[in-house]
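I sat down with this one to go through the ligand site, the domains and a few odd backbone spots. These are my notes, in the order I looked things up.

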Amino acid sequence: MTSPHATAVAHPNLALIKYWGKRDHDLVLPCTGSLSLTLDVFPTRTSVRLDPELTNDRLILNEEEVTGNALERVRSFLDIVRERSGQAAYAHVESRNSVPTGAGLASSASGFAALATAASSAYGLPTDSTALSRLARRGSGSACRSVIADLAVWHAGDGEGHAADATSYAEQVPGPRLAMVIAVVSAAQKSISSRVAMKLTAESSPFFDGWVSGTTADLDDMQTALTAGDYTRVGELTESNALRMHAAINGTRPAIRYLAPTSVALFDAAAELREDGLEVYATADAGPNVAILCREDDLERTRAAFAVRFPDLDLIAARSGPGAYLTEGE
Ligand code: 2P0
């Protein structure tokens, strides 16, 4: 008899309305809801195989055995799965991702979405998208959105503690066909992780309260704009919400700044192209890379327009992608 095992695939997502700040660090409950586009590039494929002989989990990432903090994070996550499933066995976890790890292109989102999906199947937990999204959230907040295809809203959850845990998950929302061009300003590991930086922002940025109240309103407005198919409003909210997040981050003391001169130049180029009639908007996560939002029909034109202006940058064209799915062991 083969030991229980499963393999799952998940893709990164990029937020149009950002998640930045937790109200519960243990349960990974956010201060606000957020909303993202799951992409069709950079999949992560993760296998989980239970092994009663193991005395700890083993993690192989891109064919290399990983120990230390990364293994600890996976082990803590699998502890939740073991507790819920009543199965004590440790697991071999093998994961491959094609996105540069730690470069602000959301490898933790696709990673924990794939891990939650494969582990749930291997340990016999429910694999409906709500259960998977709630579980993925415990690994990395933004991972709950990568469980879902296309446009996903992550609900902040009602109340606190277990009531909030039950109601904080992502689900798909309707909207126009969107795409993105990701401009890779740097593929290097970022100097300070999102997890640490968002905690420091909440603790020391005087702009954090404004960020939370503004984002709560932005999320409502964004859902209205998406439902109405109002692309212009979607783009304006996307760009403005990203800049507000960076303003809140910049207010941290000692200061944190993720955007590089080239990142700012990319925001300027988006504004210039809008003047010229190509309706694109810029957004950036916790790193110098910039994602350019466009209508799906404008994707090639948008990529070409940025290739002329930024010939030295890698420009990755991405469309809306699938939610996390099992490839075997279902
Ligand atoms: C987002 N980011 O909404 C925002 C925008 C980065 C900038 O979600 O601590 O890696 O694991 O819950 O999910 C990155 O945060 O943080 C993130 P944890 P996560 O996409």
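What follows are short entries, starting with the ligand.

**Entry 1: the ligand shell**

I noted up front that this is a predicted model. I listed what sits around the ligand and got 18 residues, with Tyr19, Lys22, Ser140, Gly141 and Ser142 as the closest. I then sorted the shell by class: seven residues are nonpolar, five are polar and six are charged.

Which helix gives the most to the shell? That is H6, residues 194–204, which puts in three residues. I also checked the shell against the domain split, and domain 1 (5–175) and domain 2 (178–319) each supply at least three residues.

**Entry 2: polar contacts to the ligand**

I went through the short distances to ligand oxygens one by one. For lysine 22, a side-chain N or O atom is 2.6 Å from a ligand oxygen. Serine 142 has a polar side-chain atom 2.7 Å from an oxygen of the ligand. For arginine 145, I read 2.7 Å between a polar side-chain atom and a ligand oxygen.

How much of the ligand does the protein bury? On its own the ligand exposes 460 Å², and 94% of that is buried by the protein.

**Entry 3: two domains**

I looked up the split next: the protein divides into domain 1, residues 5–175, and domain 2, residues 178–319. Their centres, taken over C-alpha atoms, are 23 Å apart. The contact between them takes 35 residues from domain 1 and 45 residues from domain 2.

**Entry 4: helix H3**

I wanted to know how covered H3 is. This helix runs over residues 129–139, and eight of its eleven residues are buried, so I wrote it down as mostly covered. The buried set holds Ala131, Leu132, Ser133, Leu135, Ala136, Arg137, Arg138 and Gly139. I paused at Arg137 and Arg138, both on that buried list.

**Entry 5: backbone oddities**

I scanned the backbone and stopped at three places.

- The peptide bond from arginine 253 to proline 254 is cis, with omega near -5 degrees. I placed proline 254 in the loop between helix H8 (231–250) and helix H9 (261–275).
- Phenylalanine 42 is not a glycine, yet its phi is positive, near 55 degrees. I found phenylalanine 42 in the loop between strand S5 (34–38) and strand S6 (44–51). Phenylalanine 42 counts as buried because its relative accessibility is 16%, under the 20% cut-off.
- Aspartate 150, also a non-glycine residue, has a positive phi of about 60 degrees. The loop that holds aspartate 150 lies between helix H4 (143–146) and strand S10 (151–154). Its relative accessibility of 13% is under 20%, so aspartate 150 is buried too.

**Entry 6: spot checks on single residues**

Is serine 110 buried or exposed? I got 0% relative accessibility, so serine 110 counts as buried. Serine 110 is in helix H2, residues 107–123. Leaving out residues up to four places away in sequence, serine 110 touches Ala10, His11, Pro12, Phe42, Thr44 and Ser146. Phe42 on that contact list is the residue I had just flagged for its positive phi.

Threonine 215 was next, and I found it in helix H7 (residues 208–228). Threonine 215 is buried because its relative accessible area is 1%. With neighbours within four places in sequence left aside, threonine 215 is in contact with Ile17, Lys18, Thr32, Gly33 and Asn241.

Serine 76 lies in helix H1, residues 68–85. At 40% relative accessible area, serine 76 falls between the 20% and 50% cut-offs, so I logged it as partly exposed. I also took the C-alpha to C-alpha distance from serine 76 to aspartate 57: 9.9 Å in space for 19 residues in sequence.

Last, histidine 25. I placed histidine 25 in the loop between strand S3 (22–24) and strand S4 (29–30). Histidine 25 counts as partly exposed because its relative accessibility is 45%. From histidine 25 to alanine 269, 244 residues along the chain, the C-alpha atoms are separated by 37 Å.

Conventions: Residues are numbered from 1 along each chain as its sequence is written. This is a predicted model: local features need pLDDT of at least 70, side-chain atom pairs count only at pLDDT 80 or more; totals for chains, interfaces and linings use all residues. Side-chain values use heavy atoms; hydrogens and water are left out. A residue is near a molecule or strand if one of its heavy atoms lies within 4 Å of it. A polar contact is a pair of N or O atoms within 3.5 Å; within protein, one must be able to donate a hydrogen and the other to accept it, and residues adjacent in sequence count only if both atoms are side-chain atoms. Accessible areas come from the Shrake-Rupley method with a 1.4 Å probe; for residues, only the protein chains shown count as cover. Helices (H or I, at least four residues) and strands (E, at least two) are DSSP runs, numbered from the N terminus. Ala, Val, Leu, Ile, Met, Phe, Trp, Tyr, Cys and Pro count as nonpolar, Asp, Glu, Lys and Arg as charged, and the others, Gly among them, as polar. Domain bounds come from an automatic or database domain assignment. Buried means under 20% relative accessible area, exposed over 50%, partly exposed in between (1.4 Å probe, protein chains only). Contact means heavy atoms within 4.5 Å.
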